[in-house]
Amino acid sequence: MSTPSLDLMFQALADPTRRLIVERLSRGPASVQELARPITMSLPSVLQHLQVLEASGLVQTKKIGRVRLCTLQPVALQVIEGWVNARSNNPERQEEAPAASTTRPPRGGS
């Protein structure tokens with residue numbers, strides 16, 4: 001499997017329905033029907049969300065008999081985690097953030 005595009009992954013995760021699906025799949029594989037059950041939309045709409053997640057590399061689907069099984073792809077989550085960690089562990093960024101917050105003027109000053 002090639003490394004999925006970071007842009008596609010963040011775009012896929014920008015939608016709350018897709019984040020709900022990813023959250024559910026973090027607990028283990030699920031059928032499309034299981035994923036659709038708590039979501040208040042049509043099955044074709046849920047399938048469209050799954051297609052976006054699959055195109056981003058976050059989810060893989062496999063047809064087993066008459067059931068389409070969906071699984072979360074940990075490699076894609078590791079790519080996101082690595083990107084976030086590379087930015088949050090940068091000492092220059094950590095020094096800039098507190099400095100920026102202390103230079104603001106107080107609210108409702110006298």
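Q: In what order do the three strands of the open sheet sit, and in what sense do they pair?
A: This is a predicted model, so everything here is read from predicted coordinates. The edge strands are β1 (30-31) and β2 (59-64), each pairing on one side only. That goes with an open sheet in the order β1-β3-β2, and the pairing is antiparallel.

Q: Over how many bridges do β2 and β3 pair?
A: Strand β3 covers residues 67-72, and β2 pairs with it in the antiparallel sense. Val 59 has Leu 72 in β3 as its bridge partner, and Gln 60 stands opposite Thr 71 in β3. For the β2 and β3 pairing, the count is six bridges.

Q: Which residue in the turn between β2 and β3 has a positive phi?
A: β2 and β3 form a hairpin, with two residues between them. In that turn a phi of about 65° turns up, and the residue that has it is Gly 65.

Q: At about what angle to β3 does helix α2 run?
A: Helix α2 takes in residues 16-25 and lies across β1, β2 and β3. Its direction relative to β3 comes to about 85°.

Q: Which strands does helix α4 touch as it packs on the sheet, and what angle does its direction make with that of β2?
A: Helix α4 spans residues 43-56. Packing on the sheet, α4 touches β2 and β3. With the direction of β2, the direction of α4 makes about 115°.

Q: Is Thr 17 buried or exposed?
A: Thr 17 is found in helix α2. Setting aside neighbours within four places in sequence, Thr 17 is in contact with Ile 39, Met 41 and His 49. Its relative accessibility is 16%, and the cut-off for buried is under 20%. So Thr 17 counts as buried.

Q: How far apart in space are Thr 17 and His 49, C-alpha to C-alpha?
A: In sequence, Thr 17 and His 49 are 32 residues apart. They are in contact all the same. C-alpha to C-alpha, the spacing is 7.6 Å.

Q: Why does α1 count as roughly perpendicular to α5?
A: The axes of α1 and α5 come within 10 Å. The contact is made by Leu 6, Met 9, Phe 10 and Leu 13 of α1 and by Ala 76, Val 79, Ile 80 and Trp 83 of α5. Angles of 65 to 115 degrees count as roughly perpendicular. The two helices fall in that class because their axes cross at roughly 100°.

Q: What kind of aromatic pair do Phe 10 and Trp 83 form?
A: The count comes to one aromatic pair. The ring centres of Phe 10 and Trp 83 are 5.3 Å apart, with 65° between the planes. Planes over 60 degrees apart count as edge-to-face. So the Phe 10 and Trp 83 pair is edge-to-face.

Q: Which helices hold Phe 10 and Trp 83?
A: The pair ties together parts that are 73 residues apart in sequence. Phe 10 is partly exposed, at a relative accessible area of 33%, and Trp 83 is partly exposed too, at 35%. Phe 10 lies in helix α1 (residues 6-13), and Trp 83 in helix α5 (residues 74-88).

Q: What is the N to O distance in the salt bridge of Glu 23 and Arg 27?
A: A search of the whole structure turns up two salt bridges. In this one, Glu 23 is partly exposed at 46% relative accessibility, while Arg 27 is exposed at 60%. Their side chains meet with an N to O distance of 3.9 Å.

Q: Which residue forms a salt bridge with Arg 24?
A: The closest N and O atoms of this pair are 3.7 Å apart. The salt bridge links helix α3 (residues 32-36) with Arg 24 in helix α2, the two partners being 10 residues apart. Arg 24 is partly exposed, with a relative accessible area of 21%, and its partner, at 35%, also counts as partly exposed. That partner is Glu 34.

Q: What pattern does the protein chain follow along the sequence?
A: The secondary structure comes to six helices and three strands. Of the 110 residues, 29% count as buried. Among contacts with a separation of 6 or more, 52% come from residues 24 or more positions apart. Read along the sequence, the pattern is α-α-β-α-α-β-β-α-α.

Technical notes:
Residues numbered from 1 in each chain as written. Predicted model: local features only at pLDDT ≥ 70, side-chain atom pairs only at ≥ 80, totals over all residues. Heavy atoms only, no water. Phe/Tyr/Trp six-rings, centres within 6.5 Å; stacked < 30°, edge-to-face > 60°. Helix = DSSP H or I, 4+ residues; strand = E, 2+ residues; numbered from the N terminus. Buried < 20%, exposed > 50% of the residue type's maximum accessible area, 1.4 Å probe, protein only. Pairing = 2+ DSSP bridges. Contact = heavy atoms within 4.5 Å. Axes fitted to C-alpha atoms, helices over the stretch in contact; angles between N-to-C directions. Salt bridge = Lys/Arg side-chain N within 4 Å of Asp/Glu carboxyl O.
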